[in-house]
Amino acid sequence: MLKKQEKRQRRHKRVRSRVRGVSARPRLCVFRSNKHVYAKLIDDDSGKTLISASDSEVKKQGSRKAEKTAESKKTDDKKEIKTKNISLAYEVGKLVAQKSLAKEIKTVVFDRGGYKYHGIVRALAEGARDGGLKF
């Protein structure tokens, strides 16, 4: 029986074999720990991180509106966001989009990092889309 982490690593290998970021269209990589959410734009040709953002950075910027409006925040599909972490992930996605548009990066390849596409990962992707990124 495979452990949860081993399953995620297998999914991640499978996703990474298909997803590759270049300078014109970098890879939006998502990592979530038990406490935090991180997102990076990576150019795989040069092996460099172009942009990074995290939920702690969102908190430092004074964006407490994510915490205050966690229960009343609605997404495009009209489902309410009820947890603080999901609303922070949404704000991280918007922050990554804002930083990338400042560097004139408009399209990315989404790398979910082996995580299933729901909850925090989905909220980050929707935040990036609402911020102006296309993938």
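This talk goes through the fold, the strand pairing, the salt bridges and one surface patch of a single protein.

Please keep in mind that what you have in front of you is a predicted model. I will start with the overall layout. The protein is built from five helices and four strands. Going along the sequence, the order is α-β-β-β-α-α-α-β-α. Of the 135 residues in the protein, 39% are buried.

Now the strands. E1, which covers residues 27-32, is joined to E2 by six bridges, and the two run antiparallel. They make a hairpin, with four residues between them. As a point to find on the screen, take Leu28, which stands opposite Leu41 in E2.

E2 covers residues 37-43 and pairs in turn with E3, residues 48-54; this pairing is also antiparallel and has six bridges. Which residue in E3 is the bridge partner of Asp43? That partner is Lys48. E2 and E3 form a hairpin too, again with four residues between them. Within that turn, Gly47 has a positive phi of about 70°.

The remaining strand is E4, residues 109-111, and here the direction changes: E4 and E1 run parallel, joined by three bridges. Cys29 has Asp111 in E4 as its bridge partner. E1 therefore pairs with both E2 and E4, since two strands count as paired when there are at least two bridges between them.

Next, the salt bridges. How many does the structure hold? There are six, and I will go through three of them.

The pair I take up to begin with is Asp45 and Arg20, whose side chains meet at 3.0 Å, N to O. Asp45 sits in the loop between E2 and E3, while Arg20 sits in the loop between H1 and E1, so to speak 25 residues away, and the pair links distant parts of the chain. Both Asp45 and Arg20 are exposed.

The next pair is Arg27 with Asp44, at 2.9 Å, N to O. Because Arg27 belongs to strand E1 and Asp44 to the loop between E2 and E3, this salt bridge ties together parts 17 residues apart in sequence. Are these two residues buried or exposed? Arg27 and Asp44 are both buried.

Arg27 and Asp44 also belong to a wider group: together with Arg16 and Asp111 they are linked in a network of salt bridges. Asp111 is the residue we met a moment ago as the bridge partner of Cys29.

The last pair I want to show is Glu57 and Lys99, where the closest N and O atoms are 2.5 Å apart. Glu57 is in helix H2, residues 55-60, and Lys99 is in helix H4, residues 84-102, so this pair ties together parts 42 residues apart in sequence. Why does Glu57 count as partly exposed? Its relative accessibility is 23%, and the partly exposed class lies between the 20% limit for buried and the 50% limit for exposed. Lys99 falls in that class as well, because its relative accessibility is 27%.

Finally, the surface. Lys4, Lys7, Arg32 and Lys116 gather there in a patch of positive charge. One of them, Lys7, lies in helix H1, which spans residues 4-18. Lys7 is partly exposed, with a relative accessible area of 39%.

To recap the main items: the strands pair as E1 with E2, E2 with E3, and E1 with E4; the structure has six salt bridges; and the surface carries a positive patch that includes Lys7.

Conventions. Residues numbered from 1 in each chain as written. Predicted model: local features only at pLDDT ≥ 70, side-chain atom pairs only at ≥ 80, totals over all residues. Heavy atoms only, no water. Patch = residues over 30% accessible without salt bridge, like charges linked within 9 Å, V, L, I, M, F, W, Y side chains within 5 Å. Areas by Shrake-Rupley, 256 points an atom, 1.4 Å probe, with all protein chains shown as cover. Salt bridge = Lys/Arg side-chain N within 4 Å of Asp/Glu carboxyl O. Lys, Arg positive; Asp, Glu negative; His and termini not counted. Charge placed at Lys NZ, Arg CZ, Asp CG, Glu CD. Buried < 20%, exposed > 50% of the residue type's maximum accessible area, 1.4 Å probe, protein only.
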